[in-house]
Amino acid sequence: MPKRKEIKKVMMIGSGPIVIGQAAEFDYAGTQACRALKEEGLEVVLVNSNPATIMTDTDIADQVYIEPLTVDSLKEIIKREKPDSLLATLGGQAALNLAIELDECGFLQEQGVNLIGTSAQTIKRAEDRLLFKETMEKIHEPCAASLIAQTVDEGLQFAKEIGYPLILRPAYTMGGSGGGIALEEEALKEILSNGLRLSRVGQVLVERSITGWKEIEYEVIRDGKGNCITVCNMENIDPVGIHTGDSIVVAPSQTLGDREYQMLRSAALNIITELDIQGACNVQFALNPHSFEYCVIEVNPRVSRSSALASKATGYPIAKVAAKIALGYHLDEIPNAITKKTFASFEPVLDYCVVKIPRFPFDKFTYAQRTLGTQMKATGEVMSLCTNFEGALMKALRSLEQNVDSLLSYDFSGLSLAELEKDLEITDDLRLFRIAQACRKKIPLEKIQEITQIDLWFLDRVLYLTEIEEECRNFPLTKELLYKAKKAEFPDTVLARLSKKTEDEILALRKQYDIFANFNMVDTCAAEFDAETPYYYSCFDGTNEVKTETTKKKVLIIGSGPIRIGQGIEFDYCCVHSAWALKEAGYETIMVNSNPETVSTDFDIADKLYFEPLTKEDIANIVRIEKPDGAVVQFGGQTAIKLTKDLTEMGVEIWGTQGEDVDAAEDRERFDQILENCQIPRPKGETVYTTEEAVAAAKRLGYPVLVRPSYVLGGQGMQIALFEQDIVEFMSVIKRYDSGYPILVDKYLMGKEIEVDAVSDGENVLIPGIMEHVERAGIHSGDSISVYPAQSLNEKVIDCLISYTKKLALALKVKGLLNIQFIVDQNDEVYVIEVNPRSSRTVPYISKVTNIPLIKLATQVILGRKISDLGYPVGLQKKASHLAVKMPVFSFEKIRGAEISLGPEMKSTGEALGIAKTFSEALYKAFLGAGINPIKTKKMVMTLNDRDKEDAIELTKSLQDLGYQIYATPGTAKVFTEHQLTVSKINKLKEASPTLMDLILQQEIDFIVDTPAQGKMKNKDAFLIRRNAVEAGIPVFTSLDTANALLVSLQHQEERPFPVNMAEDLIEKN
Amino acid sequence: MEAFLILEDGTVFRGRGIGASHEVISEITFNTSMTGYVEILTDPSYAGQSIVMTYPLIGNYGINHQDKESEKIWADALIVREISRISSNFRSEDTLEHFLEENHIPGIVHVDTRALTKHLRRKGTMNGMITRTSYSNLSPILSKIQQNQIQDVVEKTTVKQKTVQKGQGFRVALLDLGAKQNIAASLQNLGCEVWTYPAFTTAAEILADKPDGMMLSNGPGDPKECISIIKELKSIYDSGIPVFAICLGHQLMALAMGADTYKLKYGHRGGNHPVKDLQTNKITMSSQNHGYVVNADKLAKEIALPAFEHVNDRTNEGLLYQKRPIFSVQFHPEANPGPRDLAYLFERFMHQMEVYHAEKKRD
């Protein structure tokens, strides 16, 4: 029973699609909060448009609505469900903004809904720049000299008064969207005008630059009685100037004395007390490194990315406690889940060091600017724990899974001393590696500090790591030296390279000297109290605390590591469900993962959690202690699959599809053989290793061809080549990121792209449903709009798909999940383009829309059960009567310089789902869910490549019929005019004003259809247009197929508002 | 140089010796504060004890002499996992390692402090020897270690003579039982004139100076050893002047009025201890450093009522005297190190002195 008896039914808002700045951490927080509410016997209504989340499972909340997160749809849901309370502080900025809007328009009051947790008034005082500043002034908490600008002129005037550089932060945006540092007037104008537009309230904070100060965060919690605590503090290694989401962060702070620590802690508590926060809150400070001067940067009156990190870093379940506080509980009434003896009313103490490193998408966006600033660019992050800082840093580096295993992984040895010093000024993701090189070159730490403004203590630790490198390179690996290097978490791979030995030799030495990793427990209290929480991290100077004895069989679940484009939250969903299914089947589950944002790294998901990098050696450490009976690797994406061979070599049984069969699907020749045996056609292709071979192969196959490295996820490095020059260019890019693996050159086929996920028990398959992509082949499946059930397939094709799926599953000896991508050409001929004998990105989505618990079934099959025993008929399941559309969501506006046109390489960061009774309704909802509102000004722009111009005539005509005013660039307009379409010609960039750019910047248009010329004929203007449009928040569709889908969704707009549907209403149990 | 911590139960932890090289036997206690090693080392309450820091990275921000809570290090030894080789802070004047050397205090680094803490938590606080000698036969050593007792530490830590720190406001008599300097500083910040007295000053002598209130400080050792002080405190109680007592002072006043004290299994030492104000039920984080605790059950309800209690183990954390303007706390409102959330208690003391003053005037 909740403390506040009047609370019976709570609505929670999720954070929507994953975008940069708002990622999996809100699934973690939301899921934990939902469970906490249900624990109290409350009815929970959950709304989220993101189908890849665990929180949208029907067993997490009582009523799940997978609906667009808009004020309109939330109003409908509230009217329907009549919750008495709304909890909005756990769904990130998205949920908070919606709650405020619902409150401001009086709707909540009208419906008798209470905003529980932190109040609307508090949220406004924390988020509104002006109110916040006034509040801080009232309690004498310093803020940097600043101005709330509502016009560009105000900002310019302020700049004249206090000078440059200035930091700009728009109000009510997340991930620092639209913010930046202005060094001079032109930059100020540009960033400010953009920021004013992005801010929900048209306010931008312009403030004195405190760049170079220490950036310190406190995670604080306060209850309704006014009890408040700090869960932990965190220090950004990168000083103020780089967004905290893009900074390397350490917890607790390392360079603050008690006076500074307590000064900021007291300030944080003062602030949350004055704001009357009831729940979790994050306070960011800038601290002058040369005095006690500090200022408050910002306050997030909600659970944030930092709270997820703080929760994982300390073991303190912030979201859960925040949810209980919302129900009226006080901190001393909530038990500490870790010690079970103490209460939530204490401050965790650590006896280890935590390092977080962000994961950037620059491997995907090779042309993007790597420079870091106040706009967050990271898609995900890794965390590691160790008994010392340098060890935690080394573990975090290799957790990134970017072919980095030490500070030597990026080679700057070619730079001269002067060049190196110059380049130390660059603030990008590689700065740490340059600093290491500077240490190797004996540039004094003081000099490095002067340039980078990173605290000397951190620099000294980097120096220490480079000293160990040097020692291992030059001296014999004695027991002392090896122990020292292992304590600093040098992996065997690096030690082997440094000492010119093999990895086996290093391991043999470690055996000889008895140097092995042990596991310590995360217990929130530095061992002061007895704890039972099975949450572990490794170190080389500790005593093992793992209790390994159990009567159950043990199974290792390999997680999916940091969130990156192509491998996102979906795989965490799979790992968590697999853990639950294994637990239910009576196994002891052991989760290994390195990602602090996820549900899987919540310590009560699996029986044991190892927060470790996902590398061979780190897994071997766990295997050595735990001796698991088996491991499941098919749920953790490519990260887990890549470890299959290593696990087998360690003697761990792989449960489910075997490694050699995974290889067979990836190995060109073996796979071709299988297809031939099964008589399944595929596009012709060849395997090559060099650029010359690739060019020759393309010539034989005929252009266009698809070029890609094998063994990748998300189509990384995949490109369509129209000409020889394209191949030469792509090969050079591919080679940079992937060495050793073969490269595939395939004939590129145009046709419908179909996707199937299936469970196979080795005899039969279960196919929950068939998904069809809106975009034709050539656009990565993760970036395509996907429709379930497939709309345009006839019986014959469907039978063929089922038959191929079964044949392939059996031929590849799949036990568990497989994902197949097909192309159906205009003659209804079915080709296989790719088979992944593992869980895929679409599994959560197809599980949800068909109501078939795919992961649970796959897990049971892996454990030896047959599909026929699981209560489902074999083969394709009954087609649903509703429609579901999965819409990709991109974060292009965050990544300056990234090309936004879609192709075979995946670029989306998240997805939204639209479910409805008709196709157009589902589509419309999916567009809305993805943040695209196509009906504002009813003006749109067409700028098309030659191939698409004629094809777009019908589309353009229909849009015109719907009342859109069409603008077109000269070439496109010419073709349209020839076909009796009246369109407004708009000038290209170089021509006289008004040009297309003017239209974009004036926000005069709803969307742009811009199909870029393929291949090398990249047009710089077109690129600029797309970039500017995206940064101005105007949707750009780079495929006619997507534009046609939009048209379909618009054609039924008179039926709006669309009815909202509880997921269960539509999705009947099969 | 290899160094050892030999516990009285025969458990040996190895590490590298730093600071002074002499051998020392003392009580081994752990502190969970993540910052504040300077304040902790110089806190006189640690006289007779060696400190294990549970946070593994110590010394990062070096030493600033202003942060010291007394003139020197009172702890017998420091036991840590890692000690920083550089000190990085704008106020840093020295490295921790050199500070230990200068104070002739031995230390051990590279100790598995987590395993050691767990051991102390399970078995309770115990004695240990810090040495650089590798003993082949431990049994004669162990009996020596076991026999160690903390004795006469208040005598050692208290000031030798009365001192006066000028101020415009109330005259506060501070009985120095091994006081942290921030107690006097906190009073001075509120304008008080602080007269500090050696621990064994008689009540009559103190009262003769006509203080407006009396402050009983923290201090080391077993409270029951301080028989003569306890006796004098009874007279202080009878005098009716406002008294604010911290830690050892709190225990001694309670003993003076009939309460008992006992030793906790492994004490409360750290900056994250939640205490509940029993009047308002509000929870506050406190800084703590005590091995002994008051058993208030034996204290007559008419004399004093529990005012604060520890949220985790519900032990007594403060007393509110019923017939006299006296209140006392087990935790450290003066912080240094640790949270300053309870610093307002000094203001409460000020208020008591104001009331007392007003009443006296009326008389």
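1. In chain A of this predicted model, contacts between residues at least 6 apart in sequence are mostly long-range: 71% of them join residues at least 24 apart.

2. The overall dimensions of chain A fit that of a compact globule. For 1070 residues such a globule would have a radius of gyration near 31 Å, and the value for chain A, 28 Å, agrees with this. Along the principal axes, the C-alpha atoms of chain A occupy a box of roughly 75 × 70 × 65 Å.

3. Of the 1070 residues in chain A, 62% are buried. The secondary structure of chain A comprises 38 helices and 40 strands.

4. Turning to chain B, ten strands form an open sheet with mixed pairing, in the order β10-β12-β11-β13-β14-β19-β18-β17-β15-β16. Its edges are β10 (163–165) and β16 (283–295) of chain B, each of which pairs on one side only. From one strand to the next, the twist averages 20°.

5. Within this sheet, β14 (residues 243–246) and β19 (residues 326–329) of chain B are paired in the parallel sense, over four bridges. In this pair, Ile246(B) of β14 has Val329(B) of β19(B) opposite.

6. What packs on the sheet and touches β13, β14 and β19 of chain B? Helix α10 of chain B, residues 344–362, does so. The direction of helix α10 makes about 150° with that of β13(B), a strand spanning residues 213–216. The β14 and β19 strands that α10 touches are those joined by the four parallel bridges described above.

Key:
Residues numbered from 1 in each chain as written. Chains lettered and ligands numbered in written order. Predicted model: local features only at pLDDT ≥ 70, side-chain atom pairs only at ≥ 80, totals over all residues. Pairing = 2+ DSSP bridges. Helix = DSSP H or I, 4+ residues; strand = E, 2+ residues; numbered from the N terminus. Axes fitted to C-alpha atoms, helices over the stretch in contact; angles between N-to-C directions. Contact = placed C-beta atoms within 7 Å. Rg over C-alpha atoms; globule rule 2.2 N^0.38 Å. Buried ≥ 20, exposed ≤ 12 C-beta atoms within 10 Å, placed from the backbone.
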